[in-house]
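Here are my notes on the model you sent round. Please read them with the coordinates open.

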Amino acid sequence: MAKGKSTKKKKEASGGRAQYMMRMVTSDRCAVCPTPCSRGMAYCARMNEPGAVGQGVPCILTKTKIGG
């Protein structure tokens, strides 16, 4: 009798949950957005103050699924 090959199940690297990525956008991009969000508008308000330095804010409109 021949036995069939046994296969091991692959483990998911993300722990079973989907991972997502969002692009970082600056205040100039948030200012002209056709769908303004509360996070973007708050960031624009902070960046309009004199001397403000910012790295950007994650944009929920650019959310994409990564890794499968």
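The points below go from the overall fold to the pocket, the cysteines and a few individual contacts.

1. Status and fold. This is a predicted model. The protein chain has 2 helices and 4 strands, and their order along the sequence is β-β-α-α-β-β.

2. Burial. The protein chain has 68 residues, of which 13% count as buried. Cys-59, discussed in point 5, is buried, with a relative accessible area of 13%.

3. Largest pocket. The volume of the largest pocket is about 240 Å³. Its lining is made up of 18 residues, and those closest to the pocket centre are Val-25, Arg-29, Cys-33, Cys-59 and Leu-61.

4. Make-up of the lining. Which elements supply at least two residues each to the lining of the largest pocket? They are helix 1 (27-31), helix 2 (38-47) and strand 3 (57-58). Helix 2 gives the largest share, 3 residues. Sorted by class, the lining comprises 12 nonpolar, 3 polar and 3 charged residues.

5. Cysteines. The model contains 0 disulfides. For Cys-37, the nearest cysteine sulfur belongs to Cys-59 and is 6.0 Å away. A disulfide requires sulfur atoms within 2.5 Å, so Cys-37 is in no disulfide. For Cys-59, the nearest cysteine sulfur is that of Cys-33, 5.8 Å away, and Cys-59 is likewise in no disulfide.

6. Exposure of these cysteines. Is Cys-37 buried or exposed? Neither label applies: Cys-37 counts as partly exposed because its relative accessibility is 28%, and the partly exposed class lies between the 20% and 50% limits. Cys-59, at 13%, is buried, and Cys-59 is also among the residues closest to the centre of the largest pocket.

7. Arg-23. Where does Arg-23 sit? Arg-23 is in the loop between strand 1 (19-21) and strand 2 (24-25). With a relative accessibility of 60%, Arg-23 counts as exposed. Its C-alpha is 5.9 Å from that of Thr-62, although Arg-23 and Thr-62 are 39 residues apart in sequence.

8. Aromatic residues. The model has 0 aromatic pairs. There is, however, a charge over a ring: Lys-63 lies over the face of Tyr-20, at 4.4 Å from the ring centre. Tyr-20 falls within the range of strand 1 (19-21).

Technical notes:
Residues numbered from 1 in each chain as written. Predicted model: local features only at pLDDT ≥ 70, side-chain atom pairs only at ≥ 80, totals over all residues. Heavy atoms only, no water. Phe/Tyr/Trp six-rings, centres within 6.5 Å; stacked < 30°, edge-to-face > 60°. Lys NZ or Arg CZ within 6 Å of the ring centre and 35° of its normal. 1 Å grid on protein atoms, 1.4 Å probe; cavity = no way out; pocket = protein on both sides within 12 Å on 5 of 7 lines; lining within 4 Å. Points joined across faces, edges and corners; volume = space filled by probe spheres on them. Nonpolar A, V, L, I, M, F, W, Y, C, P; charged D, E, K, R; others polar. Buried < 20%, exposed > 50% of the residue type's maximum accessible area, 1.4 Å probe, protein only.
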